[in-house]
Each structure stands twice: as C-alpha cells, then as structure tokens.
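Ready for some practice in reading a protein structure? Work through the exercises below with the model in view, and try each task before you look at its solution.

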Amino acid sequence: EHEALTVYTDQRERIVDSQEGERTSLRTQLADIELTQQEIMPLMLRMIDRLEAFLATDIPFLMNERTQRVTLLRELLDRADVSVAEKYRRVLEAYQVELDYGRTIESYRDELDVDGTRRTVDILRVGRMGLYYQSLDGRYSGYWDQAAENWLPLDGNDRLTIRQGLRVARQEVAPELLRLRIPAPAPEAARP
C-alpha cells in the first residue's frame, strides 16, 4: 500500500507541476493578447485612413457605396459589443472588396452631368483601368480621364464598343475582347 501511495503521490506531483506550467503559459498568452489588442487598434485605424486616402485618388466609381463602407468601418471600431477579431475581419473584407474591383468588369446606372445636362447613364467599369458612360439612348458616351479628373466625350466608334462592354458586364453576351480607349498617363520621365 505504501508503495502504491508513493507512486500515486509522485504522479499527482507531476500533474500539479504540469498544471502550473499551463497556468504560467496561459498568463503569458493573456498578457500577449492584451498587448496585441492594444497594437491592432491603431493598425486598423491606419488601414482605414489609407483606404479612405486611396478612394480619394482612385477613379470615381460607386463612390457612395465605397465611402459609406469606410464610414461604417470607423463606426464599427467604436463599438464595444463587437470583438477585435470581428473588427479586423471587416477591415480586411473591405480591402478584399477593393482588391476585387481591380480585376472585374461591372455596369451600373448613375446620374452624371453630360454637356451641362443631368442625365441617367449606364456606367461601365473595366477593372481600375477604365471607367466609361453611355446615355440610355446611346447618344452620349465618354470616359473618365484621371489626369484631367473629368469626364471626356467619345466619338461614335467607341459608343458601339461601350454598348458591347455593358452587355458583357451584365452577362447578356459571352465575354469577348473589347477595344476600349484606356487613357494611360505618360511615363514620369516624358512628362513636361
């Protein structure tokens, strides 16, 4: 019996030592979590600031939706009922949405000032490379010139291509090669 109790006591001491090690490890992890949470909040704020600055310099598509997303993220960071992990996930999700805009084609309706008249137009976005409009009657077409920060008109040849691009974006026809005018800025060395 004495021998059995000695073995039992030794085993219990090893279990207690193991539990002490786990307790120390958990305390360290809790301290690290606290530090991580203190560091992640400023990181998320910087990420939202950079996203907002990016929107200010990007081509102006879906601006209400995109700026509202940034506003909602700022409000989310102030909420106590949302975990830090969920806040971080939502910030990363906003970045993913912006990333996806760069590799997709899309069409939507919007109001633009065309030749001094407010018109409802179809907008065609081709990644982040080109942003085009066409009036609903097809008479007016144009593109966003990033350098001029203005909508510029296009001639009749481009109208058909924009119409076809709108149909592709709406998935009314199979994807095909579109020959759209995409204004590219001159290389830095060639600029006056």
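**Exercise 1. A hairpin and its turn**

Task: How many residues lie between E1 and E2 in their hairpin, and which residue in the turn has a positive phi?

Solution. Keep in mind that this is a predicted model.
- Step 1: Follow the chain from E1 into E2; two residues separate these strands, and together the strands form a hairpin.
- Step 2: Look at the turn, where Asp-115 has a positive phi of about 50 degrees.
- Step 3: Now check the pairing. E1 and strand E2 (residues 117-126) run antiparallel and are joined by ten bridges.
- Step 4: Find two of the facing pairs. Tyr-108 is opposite Ile-123 in E2, while Leu-112 has Arg-119 in E2 as its bridge partner.

**Exercise 2. From hairpin to sheet**

Task: In what order do the five strands form the open sheet?

Solution.
- Step 1: Move on from E2 to strand E3 (residues 130-135): six bridges pair them in the antiparallel sense. Arg-125, for example, has Leu-131 in E3 as its bridge partner.
- Step 2: Inspect the connection. E2 and E3 form a hairpin with three residues between them, and Gly-127 in the turn has a positive phi of about 55 degrees.
- Step 3: Write down the full order, which is E1-E2-E3-E4-E5, with antiparallel pairing.
- Step 4: Mark the edges: strand E1 (105-114) and E5 each pair on one side only.
- Step 5: Add the twist, which averages 35 degrees from one strand to the next.

**Exercise 3. Two helices side by side**

Task: Are H1 and H2 roughly parallel or antiparallel to each other?

Solution.
- Step 1: Recall that two packed helices are described by the angle between their axes and the distance between the axes.
- Step 2: Read off both values. Helix H1 (residues 2-57) packs against helix H2 (residues 63-77) at an angle of about 165 degrees, and their axes are 11 Å apart.
- Step 3: Apply the cut-off: angles over 145 degrees count as roughly antiparallel. H1 and H2 are therefore roughly antiparallel.
- Step 4: Name the handedness; the crossing of H1 and H2 is left-handed.
- Step 5: List some contacts. Residues of H1 including Met-41, Ile-48 and Phe-54 belong to the contact, and H2 brings residues including Met-63, Val-70 and Leu-77.
- Step 6: Sort the contact residues by class: eleven are nonpolar, one is polar and four are charged.

**Exercise 4. The next helix pair**

Task: How many charged residues are in the contact of H2 with H3?

Solution.
- Step 1: Start with the geometry. H2 and helix H3 (residues 84-101) have axes that come within 10 Å and cross at roughly 165 degrees. That makes H2 roughly antiparallel to H3.
- Step 2: Note that H2 passes H3 in a left-handed crossing.
- Step 3: Find contact residues: among them are Glu-65, Arg-69 and Leu-73 in H2, and Lys-87, Val-91 and Tyr-101 in H3.
- Step 4: Count by class. The contact of H2 with H3 has six charged, seven nonpolar and no polar residues.

**Exercise 5. Two loop residues**

Task: Is Leu-62 buried or exposed? Is Glu-149 buried or exposed?

Solution.
- Step 1: Locate Leu-62 in the loop between H1 and H2. Its phi is positive, about 45 degrees, although Leu-62 is not a glycine.
- Step 2: Use the cut-off for buried, under 20% relative accessible area. Leu-62 has 14%, so Leu-62 is buried.
- Step 3: Locate Glu-149 in the loop between strand E4 (141-145) and strand E5 (150-153). Glu-149 also has a positive phi, near 50 degrees.
- Step 4: Use the cut-off for exposed, over 50%. With a relative accessible area of 58%, Glu-149 is exposed.

How values were computed: Residues are numbered from 1 along each chain as its sequence is written. This is a predicted model: local features need pLDDT of at least 70, side-chain atom pairs count only at pLDDT 80 or more; totals for chains, interfaces and linings use all residues. Side-chain values use heavy atoms; hydrogens and water are left out. Axes are lines fitted to C-alpha atoms, for helices over the stretch in contact, and angles run from 0 to 180 degrees between N-to-C directions. Helices (H or I, at least four residues) and strands (E, at least two) are DSSP runs, numbered from the N terminus. Angles under 35 degrees count as roughly parallel, over 145 as roughly antiparallel, 65 to 115 as roughly perpendicular and the rest as oblique. A crossing is left-handed if the near helix is turned anticlockwise from the far one by less than a right angle, and right-handed if clockwise. Contact means heavy atoms within 4.5 Å. Ala, Val, Leu, Ile, Met, Phe, Trp, Tyr, Cys and Pro count as nonpolar, Asp, Glu, Lys and Arg as charged, and the others, Gly among them, as polar. Buried means under 20% relative accessible area, exposed over 50%, partly exposed in between (1.4 Å probe, protein chains only). Two strands pair if DSSP finds at least two bridges between them.
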